[in-house]
Protein chains: 2
Amino acid sequence: MNIDMIRTAAGRLDGHARRTPLLGSPFLDRLAGRRVLIKAECLQHTGSFKYRGAFSAISALTAEVRANGVLAYSSGNHAQGIALAGQQHGIPVVIVMPSDAPRLKLANTRALGAEVIEYDRGRENREEIGGAIAAERGLTLIPPYDSPQVIAGQGTVGLEIAEDARRLGIDRADVLVCCGGGGLTSGVALALQAGATGLCARPVEPVGFDDTARSLISHRIERNATTAGSLCDAVLTPAPGELTFPIMDRLCGPGLSVTDDEALLAMAHAFQRLKIVLEPGGAVALAAALFRPSEIAGDTVIAVASGGNVDAPVFARALSMLGGDSA
Amino acid sequence: MNIDMIRTAAGRLDGHARRTPLLGSPFLDRLAGRRVLIKAECLQHTGSFKYRGAFSAISALTAEVRANGVLAYSSGNHAQGIALAGQQHGIPVVIVMPSDAPRLKLANTRALGAEVIEYDRGRENREEIGGAIAAERGLTLIPPYDSPQVIAGQGTVGLEIAEDARRLGIDRADVLVCCGGGGLTSGVALALQAGATGLCARPVEPVGFDDTARSLISHRIERNATTAGSLCDAVLTPAPGELTFPIMDRLCGPGLSVTDDEALLAMAHAFQRLKIVLEPGGAVALAAALFRPSEIAGDTVIAVASGGNVDAPVFARALSMLGGDSA
C-alpha cells in the first residue's frame, strides 16, 4: 500500500468521481475558534466517499475478472458505491442485504442496476451466502475497507485536500476524518504523508465506539463491545481493519470522539451555514472540529464530511436542535 | 451591458467566489425523463448566487468611491452578499432592514460586519431613509438586480455553465433559472449567448408571480398584482427590471412556473439525491426541470439552484413530502 497506488487510482477516477469542494463559513470559524474547512464528500456520487473506493477497486480488476461481476455485503454507502460503479462498468453486481433493510434502500440499490440478494439477519450468515454465490458465478468480493484498491480510492480524498491546502497556503493543520473500518482514514493519511507533511490525519468516532482511538493508544487492534446503539451507523464497525490499522498506527494523530447529539448539532450547522446534507456518521469529524477545540492544534482545521445518506426523520431531528432561530 | 463586462467580473471574482459544482443523480434523471444537471449556487458564499453580484459591484467601484462604503436595502440574500463582500473589501456597509425581520437575519447581517439600520415597514419608507443616509455619508447604493455590475457578477454563473457544458459535450439544452428581478437570468442569458449558443436561458417563477413570463410574451414589463403569498420569497419582485428585462426579452426562451408544493418537493428531492439544501425560491428551476417535462426541449436540462437560505421549519415541511420512504 503506497502513494503510487493512490495516484494511479486518481487517474482511473478522473472524469468519474466528483472533485468535491472545500467549504467554509465565517460563522463556523467563530464557533470553532479557528478556521474550519469542510471537504464535502456528501456531494460525491451516491452521497458518500464510498463511490471512490468502489470505482477504484472495480476499475483495477483485469477486464476478464471484472466481466464476471462483483459482490458486496452492505446495506449502506458501500453498497450504493459498488452498485453505481459496477453499472458504469457494465458488469453484474450482486449486493447481499438483510431482508429487514429499509425498503427504499433495497429499491435504490436495485434501481442502480444491482441484483439484491436478501438474507435473514437472525438465521442466516451473509458471508456463507455471499461466498457460495461468488464461487458459483465467479464474482469478485469487494470489501468495504480492508482492500488495497479500496484504500487507494478513498486516498484520493487526501490528494485533493493536500492540493487545496497548498493552493490556500495552509502548511499545518489537523485533518479530521470520520472513521469506521479506517479505509478513508488510512487512505487520507497516506496521501497527506506524501503530499502535505504538515497535515495530520486524525480519526473521529462516536463516543463508546472508539475502537480506532483506543487501538492507536495501545498499538494493537482493539474491538468495540457492540456495533449497535449509535445514530452514526456509517462509522460503526467492530474494529479497525487488518490492512488499515497498521497504516493509521504509523501515520495518524490521536483519535477524537463525539456524542450522537454533537453529530446531530454539527448536521444542523452544516445545514444552516454550508447548505449541505450530512448523515450522523458523516458529521462526526465536523462535530469534533466545532466542539473539541482544545484537542485540536493550529489555526486551521480540515474536516472530511464523508456522507449524506440520512433519513428525513433523523435530519428533522437534527434541525430541531437549531431551536426557533434558524434563518 | 455585454459579455466583456461579465468576463471582467469573472476576473475580479477569481479566488473569491466559489466555482460551484454541476451535480446530478440517476434518480433525478429518471424522474425528469431526461438528464438533469444542477448548478449548485446554494454552495456559494452566504448561501446564494447574490454574493457574485455583490462582490462584482463593490470591486468595480473606484478605490476612492468604494472607501466611503456601500448601502443596500434587503432582508434577504442580497444583504448577506453585500455584507460579506463589503467586509472582504474592508469598507463600511449599511443595510436597511425592516425591524420585524427575523432576529437571526438581523444578527447574521451584523455578524458579517454590516451596520444594520432598522425601519418600521408600516410607517417609514426605506428609500427615503436609505437615500438620506447614503447622501450624508457618501455611500454607494448597490441595487439587487438593476445594475450592470450586479448583472455582470451573476452572469459568471452562466460562464461556468457554458464551460462545464462544453466539457461534458452538451451543445443543446434549456438552462432554467430561478427568476425574481432578472439579474441572474439576464446575466446567464448574456453569458450563454456568447459562449454556448445552443444553450437557452429560461426564467422560472412561482405560479401567480410570473411577471417575467408574461412580460416575455407581451414584450413589455408586466407587474405582479402582489408580492406576498408565496413561500418562494427570494424570487418575489414586483416586476422584471428596467435593465434586466430588455436583455431577457432579447435572449430568453419562454418562462415556466411552478407551485409552492412543487418547489418544496424539489427541495426534498435535492435533499435526498444531491445532499444540498435549497430554499423554496432557489428550487423553482429544479422543480420545473422535474415536473414540467413537456415544456422543456432536448435530452438534457440544466437547472440553476440559486440559494439555500431556508428556515428549519420550512425545510422540515419539504422533508415531510417524502413520506415514510426517505432512506
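## A left-handed helix pair in chain B

H9(B) and H11(B) cross in a left-handed sense. Keep in mind that this is a predicted model. Helix H9 of chain B covers residues 183–195, while helix H11 of chain B covers residues 244–251. Their axes lie 9 Å apart, and the packing angle comes out at about 45 degrees. That angle makes H9(B) oblique to H11(B).

## Who touches whom

On the H9(B) side, the residues in the contact are Gly183(B), Thr185(B), Ser186(B), Ala189(B), Leu190(B) and Gln193(B). Across from them, H11(B) brings in Thr244(B), Ile247(B), Met248(B), Arg250(B) and Leu251(B). Sort the residues of this contact by character and you get 5 nonpolar, 5 polar and 1 charged.

## Chain A as a whole

Over to chain A, where the secondary structure adds up to 14 helices and 10 strands. How compact is chain A for its 327 residues? Its radius of gyration is 19 Å, and the globule rule gives 20 Å for 327 residues; the two values are close, so chain A is as compact as a globular protein of that length. Measure along the principal axes in the model and the C-alpha atoms of chain A fill a box of roughly 55 × 45 × 40 Å.

## Burial and contacts in chain A

As for burial, 61% of the 327 residues of chain A count as buried. Then there's the reach of the contacts along the sequence: taking those in chain A with a separation of 6 or more, 72% are between residues 24 or more positions apart.

Definitions and conventions: Residues numbered from 1 in each chain as written. Chains lettered and ligands numbered in written order. Predicted model: local features only at pLDDT ≥ 70, side-chain atom pairs only at ≥ 80, totals over all residues. Heavy atoms only, no water. Axes fitted to C-alpha atoms, helices over the stretch in contact; angles between N-to-C directions. Helix = DSSP H or I, 4+ residues; strand = E, 2+ residues; numbered from the N terminus. Parallel < 35°, antiparallel > 145°, perpendicular 65-115°, else oblique. Left-handed = near helix turned anticlockwise from the far one by under 90°. Contact = heavy atoms within 4.5 Å. Nonpolar A, V, L, I, M, F, W, Y, C, P; charged D, E, K, R; others polar. Rg over C-alpha atoms; globule rule 2.2 N^0.38 Å. Buried < 20%, exposed > 50% of the residue type's maximum accessible area, 1.4 Å probe, protein only.
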